[in-house]
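Visitor: I should like a close look at a single part of this model, namely the packing of its helices around one central element. Please take the contacts in turn and connect them with the individual residues concerned.

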Amino acid sequence: MKTDDLIKALNADAAHRTMPLAAAWWLAAALAAAVAAAVFFSTIGPRPDFNAADHTVRFLLKFVFAGSLAVAAFGCVRALSSPGMSVRKRLPWLLVAPSMMAAAVITEMIVIPHQDWAARLIGTNMKYCLMFIPMIGIGPLVLFIAALRYGAPTRPGLAGAMAGLLAGGLAATFYAAHCPDDSPFFVATWYTVAIAGLSVLGLLGGRLFIRW
């Protein structure tokens, strides 16, 4: 089947959905946030000094990094779920979070003595970060894969990877409230590794469960 014919067929199938795709995505996002919050508060919860830490730039930067990544990924995955919709205009927004974090890392390298870099990179909570971000994000990822199945993505692998990026950004936003490591060195390394793991799972999920 030619690509244009496939897109027409998928659009015709999507027209018979009981709920508009846009509404389905907002419902999936709300449910995903609720699931992530339930897992977060029932397992680790906010750090003890949350009220004191929320006045520091490094602490707030974690939320900005993870939140902006989730917002950008949400726009991309919604576009990828609709056949024929271009995602190119939305892709550059994915660069906002890593660019911001790169600037923070460079600033940290300037103001922190180099002998302290390794300690800030390793941090005190590395294993928790690599464990709890995927744990918080796996439920939202399942919901986002279901939303993709409700739509009609023509590139299921890419759509699934973007769903994983969205789930990872959402999970990291919650986890940031618990994490005692605020250094950009730590966030740029271990948050990225954990989020990338969810993106790989999303890629596999897209290829396995969103095939046409």
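Guide: For the angle between two helix axes, a value under 35 degrees counts as roughly parallel. The model is a predicted one, and the part to be examined is helix α7, which spans residues 126-150.

The packing of α7 against α9 comes first. Helix α9 covers residues 184-209. The axes of α7 and α9 lie 9 Å apart, and the angle between them is about 30°. These two helices are therefore roughly parallel to each other. The crossing in which α7 passes α9 is right-handed. On the α7 side, the contributing residues are Met126, Cys129, Leu130, Ile133, Pro134, Gly137, Ile138, Leu141, Ile145 and Arg149. They meet Phe186, Trp190, Tyr191, Val193, Ala194, Ile195, Leu198, Leu201, Gly202, Gly205, Gly206 and Phe209 of α9. Sorted by class, the contact of α7 with α9 comprises 17 nonpolar, four polar and one charged residues.

The packing of α7 against α8 has another geometry. Helix α8 consists of residues 156-175, and its axis comes within 7 Å of that of α7, with a crossing angle of roughly 135°. That angle makes α7 oblique to α8. The crossing of α7 and α8 is right-handed. From α7, the participants are Tyr128, Cys129, Phe132, Ile133, Ile136, Gly137, Pro140, Leu141, Phe144, Ile145 and Leu148. Their counterparts in α8 are Ala159, Gly160, Ala163, Gly164, Leu166, Ala167, Gly168, Leu170, Ala171, Ala172 and Tyr175. In this contact of α7 with α8 there are 18 nonpolar residues, four polar ones and no charged ones.

Ile133 illustrates how the two contacts of α7 come together. This residue lies in helix α7, and Ile133 appears in the contact with α8 as well as in the contact with α9. Ile133 is buried, because its relative accessible area is 0%. Apart from neighbours within four places in sequence, Ile133 is in contact with Tyr128, Gly168, Ala171, Ala172, Tyr175, Tyr191, Ala194, Ile195 and Leu198. The C-alpha atom of Ile133 is separated by 12 Å from that of Gly164, and the two residues are 31 places apart along the chain.

Cys129 likewise takes part in the contact with α8 and in the contact with α9. Is Cys129 buried or exposed? Cys129 counts as buried, since its relative accessibility is 0%. A disulfide requires a pair of cysteine sulfur atoms within 2.5 Å, and by this rule the count is zero. Cys129 is accordingly in no disulfide, and the nearest cysteine sulfur, that of Cys179, is 5.9 Å away. Seen from Cys179, the closest cysteine sulfur is that of Cys129, and the separation of 5.9 Å is too far for a bond. Cys179 is also buried, with a relative accessible area of 0%.

Helix α8 has a further partner in helix α2, which runs over residues 21-43. The axes of α2 and α8 are 10 Å apart and pack at an angle of about 40°. The arrangement makes α2 oblique to α8, and the crossing of these two helices is right-handed. Ala32, Ala33, Ala36, Ala37 and Phe40 of α2 meet Leu170, Phe174 and Tyr175 of α8. The contact of α2 with α8 contains eight nonpolar, no polar and no charged residues. Leu170 and Tyr175 also belong to the α8 residues that meet α7.

Three residues of helix α9 complete the view. Ser199 lies in α9 and is buried, its relative accessible area being 16%. Leaving out residues up to four places away in sequence, Ser199 touches Gly160, Ala161, Gly164 and Leu165. Gly160 and Gly164 are also among the α8 residues that meet α7. Thr192, again in α9, is partly exposed, with a relative accessible area of 37%. With residues up to four places away in sequence left out, Thr192 touches Phe65 and Val187. Between Thr192 and Gly169 the C-alpha distance is 9.3 Å, for 23 residues of separation in sequence. Val200, a further member of α9, is partly exposed at a relative accessible area of 46%. Val200 and Met85 stand 115 residues apart in sequence and 23 Å apart in space, C-alpha to C-alpha.

Terms used: Residues numbered from 1 in each chain as written. Predicted model: local features only at pLDDT ≥ 70, side-chain atom pairs only at ≥ 80, totals over all residues. Heavy atoms only, no water. Helix = DSSP H or I, 4+ residues; strand = E, 2+ residues; numbered from the N terminus. Buried < 20%, exposed > 50% of the residue type's maximum accessible area, 1.4 Å probe, protein only. Contact = heavy atoms within 4.5 Å. Axes fitted to C-alpha atoms, helices over the stretch in contact; angles between N-to-C directions. Parallel < 35°, antiparallel > 145°, perpendicular 65-115°, else oblique. Left-handed = near helix turned anticlockwise from the far one by under 90°. Nonpolar A, V, L, I, M, F, W, Y, C, P; charged D, E, K, R; others polar.
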